[in-house]
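Dear colleague,

Please find the structure below for your consideration. My notes on it follow.

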Amino acid sequence: MSKPEDEAARVFKSAPFAKAAKKALIKDEELCEAIGEVLKGQCDDLGGGVYKKRLNKNRHRSIVLSKGRGLWICEYLFAKKDRDNIDNNELEGFRKLAKAFGAVTDKQLSKLLADKYLTEICNGDKAKV
């Protein structure tokens, strides 16, 4: 895993992910629990800071991004019944996005939060919900 051991994990969901999660009835508590499992290696590491995690009793798949700094972004959600996996072009796009999130400054992160593109859902073990 790419998470630095000395930093608490901060978990965010993107606006599109939040909309899809709401529709799928996936609560923030489940997402925070899932990231805890990702940190333990209980996920599919797709490389380049991209992880696939099963959610909602294995009915949905989430794409989670993290490229250092202890920031974890729930970026994409899809139903297992709708598709098996993401394609190679999507994977490359997610790798580029993970790299960009890994380089984001605190000021840029604050702007993403203020613009409501990202919502912080947990910080370490403390859920924001």
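In which strand does Val50 lie? Val50 is part of strand β3; strands (E, at least two residues) and helices (H or I, at least four) are DSSP runs numbered from the N terminus. Please note that this is a predicted model, in which local features need pLDDT of at least 70 and side-chain atom pairs count only at pLDDT 80 or more, while totals for chains, interfaces and linings use all residues. Residues are numbered from 1 along each chain as its sequence is written, and side-chain values use heavy atoms, with hydrogens and water left out.

Val50 has a relative accessible area of 0% and is therefore buried (under 20% relative accessible area; exposed is over 50%, with a 1.4 Å probe and protein chains only). Beyond its neighbours within four places in sequence, Val50 is in contact (heavy atoms within 4.5 Å) with residues including Ile63, Leu65, Leu91 and Phe94.

Leu91 and Phe94 also appear among the buried residues of helix α3, together with Ala98, Phe101 and Gly102. They cover an arc of only 95 degrees around the axis, and so sit on the same side of α3; the arc is taken from the directions from the helix axis to the C-beta atoms. Elements covering these buried residues include β3 (50-55), β4 (60-65) and α4 (106-114). On the face turned away from the buried side, α3 carries the exposed residues Asn89, Lys96 and Lys99.

At the N-terminal end of α3, Asp87 acts as a cap, with a side-chain oxygen 3.1 Å from the backbone nitrogen of Asn89.

With kind regards

Definitions and conventions:
Polar contact = N/O pair within 3.5 Å; in protein donor to acceptor, adjacent residues only side chain to side chain.
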